[in-house]
Amino acid sequence: MGAPCQPMTPQQKLEEHYETLTPELQRAAELILQNDKDLVALSMRAFATRIGVKPATLLRLAQRLGYVGWGELKTAFIQELGLSHETHQARAEKLVDKGSTASLYQEVFDAHAVNLSHTEAENPEAMEKAVDVLDAAEHVYVCGFRASYSVAYTLFYIYRLFNKHVSLIDGQASNYEIFTRELTPKDVVLMIGFAPYSRESLDVLGAARQAGK
C-alpha cells in the first residue's frame, strides 16, 4: 500500500494554477509568494495595500485556488509556516517528516520573523505606552517563572546593561516575596508568561496591584 498523498501547500497551489490565471491574478500570486510573511501578519486589506493590489483581487485568487475565502488561504500559509496552534509534539513530528535540516533551519527563522512582524503590526500603540511606563519607573522588576524564565532572564540581562535599577524575580527557593514586599506605586513589574499562568506569576501580579493602590 502506497503512502497517503500529502495535501498541497498554498505555495504549490499557486504554482500549479499560475498558468490558468488572468494577468491580474498572476501578479497577485507572484506578490503573495514574495511577501508570505506579511500575508500571515496583516489583514486582507492591509496586505492588499502593502503589495499594491485590490482586496477583491486577493479574494478572487483565493477562490480560484479552491479556498472558501481569503481567511482559509491565510490559515493555510500560517500552518505551512509552523505558526498554528498545534501541540509541540505534532509540530515536531511534522518537521521530522520533512527530513531536511536546511528546511528546518529556514522554517525556524521564518517563524521568528513572522512572529516579530505580527507583534509589531498588532501592538504599536501598546508597545509605545509600555516603553513610556518603563522609562518613568523608579525600579523595574522583570519576572518570569518555569518555561518563561529564560525569556525573563535574557530581557533582564540586556535591560541591566542600560539601567541599573532593574531586578529579576526568578522565584528561586520561592524567594519572590522578598521582592514583592519592596514594591511601591512608582515601580513597574514586567511579567513574562502565558496562559495558564503559574501560581507564582499570579502572586506577583496580585502584589503589584496591591502596591499600586
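These are my notebook entries on a predicted model, taken element by element.

**Entry 1. Overall make-up**

I began with the secondary structure of the protein, which comes to 12 helices and 3 strands. I then looked up burial and found that buried residues make up 34% of the 213 residues. For contacts with a separation of 6 or more, I noted that 64% join residues 24 or more positions apart.

**Entry 2. The sheet**

I asked in what order the strands of the sheet lie. The sheet is open, has 3 strands and follows the order E2-E1-E3, with parallel pairing. Strand E2 (166–169) and strand E3 (188–192) are the edge strands, each pairing on one side only. I recorded an average turn of 20 degrees between neighbouring strands of this sheet, direction ignored.

**Entry 3. Strand E1 and its partners**

I next examined strand E1, residues 140–144, which is joined to E3 by 5 bridges, the two running parallel. On this side I found Val140 opposite Val188 in E3, and Tyr141 has Val189 of E3 as its bridge partner. Towards E2, the pairing of E1 is also in the parallel sense and extends over 4 bridges. Here Val140 stands opposite Val166 in E2, and the bridge partner of Cys143 is Ile169.

From E2, I followed the link back to E1: the chain crosses from E1 through H10 to E2, and this β-α-β crossover is right-handed.

**Entry 4. Burial in the strands**

Is E1 mostly covered or mostly exposed? I found E1 mostly covered, with 5 of its 5 residues buried. Val140, Val142 and Gly144 point one way from the strand, whereas Tyr141 and Cys143 point the other way. In E2, I saw Val166 and Leu168 directed one way and Ser167 and Ile169 the other, and all are buried.

**Entry 5. The largest nonpolar core**

I looked up how many residues the largest nonpolar core has. The count is 25, and the residues with the most contacts inside this core are Ile32, Phe47, Leu58, Leu61 and Trp70. At least two core residues come from each of helix H2 (23–34), helix H3 (36–41), helix H4 (44–51), helix H5 (55–64) and helix H6 (70–80). H2 gives the most, with 5 residues.

I then took Phe47 and listed what it touches, leaving out residues up to four places away in sequence. The list consists of Ile32, Asn35, Asp38, Leu39, Leu42, Leu58 and Trp70. Apart from the largest core lies another core, of 11 residues, among them Ala152, Tyr159, Val166 and Ile192. As a general note, nonpolar side chains tend to be buried together in soluble globular proteins.

**Entry 6. Helix H1**

I turned to helix H1 (residues 10–17) and found Pro10, Gln11, Lys13 and Leu14 buried. These four lie on the same side of H1, because they cover an arc of only 165 degrees around the axis. On the other side of H1, Glu15 and Glu16 are exposed. I also asked which helices the buried residues of H1 pack against. The partners are H2, H3, H5 and H6. A general rule is relevant here: an α-helix has 3.6 residues a turn, so residues three or four places apart point the same way.

**Entry 7. Ala111**

I closed with Ala111, which is found in helix H8 (residues 101–122). Is Ala111 buried or exposed? Ala111 has a relative accessible area of 11%, and it counts as buried because the cut-off is under 20%. I then checked its position relative to Ile78: the two are 33 residues apart in sequence and 9.3 Å apart in space, C-alpha to C-alpha.

Notes: Residues are numbered from 1 along each chain as its sequence is written. This is a predicted model: local features need pLDDT of at least 70, side-chain atom pairs count only at pLDDT 80 or more; totals for chains, interfaces and linings use all residues. Side-chain values use heavy atoms; hydrogens and water are left out. Two strands pair if DSSP finds at least two bridges between them. Axes are lines fitted to C-alpha atoms, for helices over the stretch in contact, and angles run from 0 to 180 degrees between N-to-C directions. Buried means under 20% relative accessible area, exposed over 50%, partly exposed in between (1.4 Å probe, protein chains only). A crossover is right-handed if, with the strands pointing away from the viewer, the path from the first strand over the helix to the second runs clockwise. A nonpolar core is a set of buried Ala, Val, Leu, Ile, Met, Phe, Trp, Tyr and Cys residues joined through side-chain atoms within 4.5 Å. Contact means heavy atoms within 4.5 Å. The arc is that of the directions from the helix axis to the C-beta atoms.
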